[in-house]
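Student: I would like a close look at one part of this structure, and then an account of how it sits within the rest. Please go step by step.

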Amino acid sequence: MIYLILSILFSTSLVVILRSFEKWNIKTEFGIVFNYLVCCITGFIAMDNKSMIQEIPSWNGWWICLLLGFGFILIFLLIGKSTKLLGVATTSIAFKLSFIIPVIIAIIFYGDALSIMKAIGIATAISAVYFIAYQPTAALEQDKEPNSAQTSFIHKKAWMLPLLIFVGSGLTDASFNFIQRNYTPNGYDHIVTIMVFLGAFLSGMMMYGFKKEMYQWKNVFGGIVLGIPNYGSLYFLLQALKHSGFSPSTLFPLNNLGIVGLSALFGLFLFKETFSSRKIIGFILAVASIIIIGFLS
């Protein structure tokens, strides 16, 4: 249970830190790239048997971890953009509702039972994504700056971010569960996380490494602040999958319930975010779906 709690705490801290990047004048995408380098270093330091690094070339899972890392950085970039435009609570709810996708995959491919309550929970979660992500044009017009066509365009398209995060994060979670099941021998926990983050860092360097602005100290600092809890969030999720005793279709809802609740509290009280009536309905549906799947199905 301790691994599950730690995963919730570290995961919640990520969107809070990303929300603070603008205040700290840190370029989000550059901080995210350095964050993955910090993750790799943190993982290496945390390893008990560092000589295992030498076994990576002969391990058949290294390539799929690097590939997953590319997906990780794309999702993180979307989260950073969404957090800036839509806030901590909205982004976190869409991010963590993505557990529906690995739940569906676990039912189809891993033999998890599909009960009536679980089906109701999945339908409720999909409804929650709709209420959270979709915003009518009239509501978005109220938020834009006067006489700013660019701002208007950004706000009108912002509703797509939670939807992209929902789908993308769900697929990466499902892929991570696949790696844990099929490509993680005993003692390889840190190696798996290091290789995933290395893939994300290399992808980020290909995208932004040629920009001189990236190497400013403030962006490096942002990467350090973000990287340590980011490593912890993935490592403790892996430990929870292995040691909690919960099936994946139960663990992901429990994990995400805690993250959704904490993120909403941080958004309301720390960043003074407000919820529209649609988002309140979406939040209630999100919590209901997690409870239904995690506790009643």
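Tutor: Just after α5, Gly111 takes a positive phi of about 80°. This is a predicted model, so the angle is computed from predicted coordinates. The helix that comes before this glycine, α5, covers residues 100-109. Several of its residues are buried: Ile100, Ile101, Pro102, Val103, Ala106 and Ile107.

A positive phi also turns up at Asn25, where the value is near 60° and the residue is not a glycine. Asn25 sits in the loop that runs between α1 (2-21) and α2 (28-46). Its relative accessibility is 51%, and the cut-off for exposed is over 50%, so Asn25 counts as exposed.

The helix after that loop, α2, contains Asn35. Here the relative accessibility is 0%, and Asn35 therefore counts as buried, the limit being under 20%. Leaving out residues up to four places away in sequence, Asn35 touches Gly223, Leu226, Gly227 and Asn230. Helix α11 spans residues 217-243, and the partners of Asn35 carry numbers in the 220s and at 230.

Next comes helix α10, which holds His190. With a relative accessible area of 14%, His190 is buried, because that value is under 20%. Apart from neighbours within four places in sequence, His190 is in contact with Gly43, Ala46, Met47, Tyr231 and Tyr235.

Beside His190 in the numbering is Asp189, with which helix α10 (residues 189-208) begins. Asp189 forms a salt bridge with Lys242, and the closest N and O atoms are 3.1 Å apart. The bridge links distant parts of the chain, since Asp189 belongs to α10 and Lys242 to α11 (residues 217-243), 53 residues apart. Side chains of opposite charge can pair when their charged atoms come close. The two partners differ in cover: Asp189 has 11% relative accessibility and counts as buried, whereas Lys242, at 29%, is partly exposed. The structure holds 1 salt bridge. As for charge in general, the protein chain has 19 positive and 12 negative side chains. The centres of these two sets lie 5 Å apart.

Now for the whole chain. Its secondary structure comes to 13 helices and 0 strands. The radius of gyration is 19 Å, close to the 19 Å that the globule rule gives for 297 residues, so the chain is as compact as a globular protein of that length. Along the principal axes, the C-alpha atoms fill a box of roughly 60 × 55 × 30 Å.

Burial and contacts can be put in the same terms. Buried residues account for 54% of the 297 residues. Of the contacts between residues at least 6 apart in sequence, 86% join residues at least 24 apart. The pairing of Lys242 with Asp189, 53 residues apart, is a case of distant parts being linked. On the outside, the accessible surface comes to about 13,500 Å², and 67% of it belongs to carbon and sulfur atoms.

Technical notes
Residues are numbered from 1 along each chain as its sequence is written. This is a predicted model: local features need pLDDT of at least 70, side-chain atom pairs count only at pLDDT 80 or more; totals for chains, interfaces and linings use all residues. Side-chain values use heavy atoms; hydrogens and water are left out. Helices (H or I, at least four residues) and strands (E, at least two) are DSSP runs, numbered from the N terminus. The radius of gyration is taken over C-alpha atoms; the globule rule is 2.2 Å times the number of residues to the power 0.38. Buried means under 20% relative accessible area, exposed over 50%, partly exposed in between (1.4 Å probe, protein chains only). Contact means heavy atoms within 4.5 Å. Accessible areas come from the Shrake-Rupley method with a 1.4 Å probe; for residues, only the protein chains shown count as cover. Lys and Arg count as positive and Asp and Glu as negative; His and the chain ends are not counted. The place of a charge is taken as NZ of Lys, CZ of Arg, CG of Asp or CD of Glu. A salt bridge is a side-chain nitrogen of Lys or Arg within 4 Å of a carboxyl oxygen of Asp or Glu.
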